[in-house]
Amino acid sequence: MRIFRFFCVTFLVVVFSSTVAFGQSLSRRHSIEIEVECLEAAMAVIAGLNGYNLDSQAFFNEWHTWANFTRRVDDWAFRHVQEVLRSLGEVHSEWENAVELGAEISDLNTRFVVLSQEMERLSLMMAASDSLDVLIAINDRLTRVSRDRDGIIGRRNLLLSQAASPVIDIHLWQTAEDAPPPVPASFGERVSRSFLNSWGGTVRFGGNLLVFFARYGLSMVIWAAVGGVIALVALKKFGKRKQEVVQNENAE
């Protein structure tokens, strides 16, 4: 009876998951860039749309204003939200990416059934065994199988949530019409900027040079001193040996 109940529950879980997998097996992500006349009004419209923000950023100053949203929406409202966003202003770019998840979800369902059956067998073996060593070994295996099955459940739930809730990346910006044109720099400002850049480069080079000598100067001095001592000893020995050779030649 216990085994029959287990297989019934497993069958129902697999059938339900497979139905969801084949019905909603796409993980979709949409990105849209829109230039709007009033950013605050556009943000108010987005706040009233289906779903919720995963991330949001906004920047305001006198001349430039922009905002970014990463919003998760329900699958049934996905196309409606796209249409509303397109009506906010001038669409400069738009793209959509879809990833098929059905095969992975089906594979996870199969692995879930296999691990569930193994857990049932291990539970029956544990109930029938009276050996402590066997019970310990079965319990260790049962723990690993249970952990693997929990990981499969978590991954499957994540994929199902991605299929059920697409993500939309929204990029909005507004540029003031009365923004003044950029003022070209005068000749004196350009010369001054060039001089400051050159002086800054010289200062950075000098600083790097000082750091180099501070870090390696002592070791260089030590090695130079050691090399000088070795050279003096070698020259002294060479001179002494040459003198001995000359003396031997004179003696002959």
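V226 sits in helix α6, which covers residues 187-251. In this predicted model, V226 has a relative accessibility of 37%, so V226 counts as partly exposed. V226 also has nonpolar company at the surface: together with I222, W223 and I230, V226 makes a patch of about 450 Å². As background, nonpolar side chains in soluble globular proteins tend to be buried together.

Now for the buried side of things. The largest nonpolar core has 19 residues, and the members that touch the most others are V36, I46, V81, L85, I168, I170 and L172. Several elements feed this core: β1, α2 (39-47), β3 (64-72), α3 and β5 each supply at least two residues. The biggest giver is α3, with 4 residues. Apart from this core lies another, of 14 residues, including I105, M119, L122 and I138.

I170 is a handy residue to click on. Leaving aside residues up to four places away in sequence, I170 touches I32, I46, A67, N68, F69 and L85. One of these contacts also shows up in the strand pairing, where I170 in β5 is the bridge partner of I32.

That brings us to the strands. How do β1 and β5 pair, parallel or antiparallel? Strand β1 (residues 26-35) and strand β5 (residues 167-175) run in the parallel sense, over 7 bridges. With β4, on the other hand, β1 pairs in the antiparallel sense, over 10 bridges. Within that antiparallel pairing, E35 has E90 in β4 as its bridge partner. It helps to remember that side chains in a regular strand alternate between the two faces of the sheet.

On to the charged side chains. Side chains of opposite charge can pair when their charged atoms come close. The structure holds 8 salt bridges, among them the following.

| Salt bridge | Closest N to O |
|---|---|
| R79 and E96 | 3.0 Å |
| E83 and R86 | 2.7 Å |
| R155 and E104 | 2.9 Å |

Take R155 and E104, whose closest N and O atoms are 2.9 Å apart. R155 lies in helix α5 (residues 132-164) and E104 in helix α4 (residues 102-128), so this pair ties together parts that are 51 residues apart in sequence. At 35% relative accessibility, R155 is partly exposed, and E104 gets the same label from its 32%.

Which residues are joined into one network by salt bridges that share partners? They are E83, R86 and E94. Two of the network's members, E83 and R86, both belong to helix α3 and sit 3 residues apart, about one turn of the helix. E83 is partly exposed because its relative accessibility is 49%, and R86 is partly exposed too, with a relative accessible area of 29%.

Helix α3 turns up again in the bridge between R79 and E96, where the N to O distance is 3.0 Å. Here the pair links distant parts of the chain: R79 is in helix α3 (residues 78-86), while E96 is in strand β4 (residues 90-100), 17 residues apart. R79 counts as partly exposed at 44%, and E96 does as well, with a relative accessible area of 34%.

Put side by side, helix α3 gives the most residues to the largest nonpolar core and also carries R79, which is tied to β4 through E96. Strand β4, in turn, pairs with β1, and β1 pairs with β5.

Methods:
Residues numbered from 1 in each chain as written. Predicted model: local features only at pLDDT ≥ 70, side-chain atom pairs only at ≥ 80, totals over all residues. Heavy atoms only, no water. Salt bridge = Lys/Arg side-chain N within 4 Å of Asp/Glu carboxyl O. Buried < 20%, exposed > 50% of the residue type's maximum accessible area, 1.4 Å probe, protein only. Patch = residues over 30% accessible without salt bridge, like charges linked within 9 Å, V, L, I, M, F, W, Y side chains within 5 Å. Areas by Shrake-Rupley, 256 points an atom, 1.4 Å probe, with all protein chains shown as cover. Pairing = 2+ DSSP bridges. Core = buried A, V, L, I, M, F, W, Y, C linked by side-chain atoms within 4.5 Å. Contact = heavy atoms within 4.5 Å.
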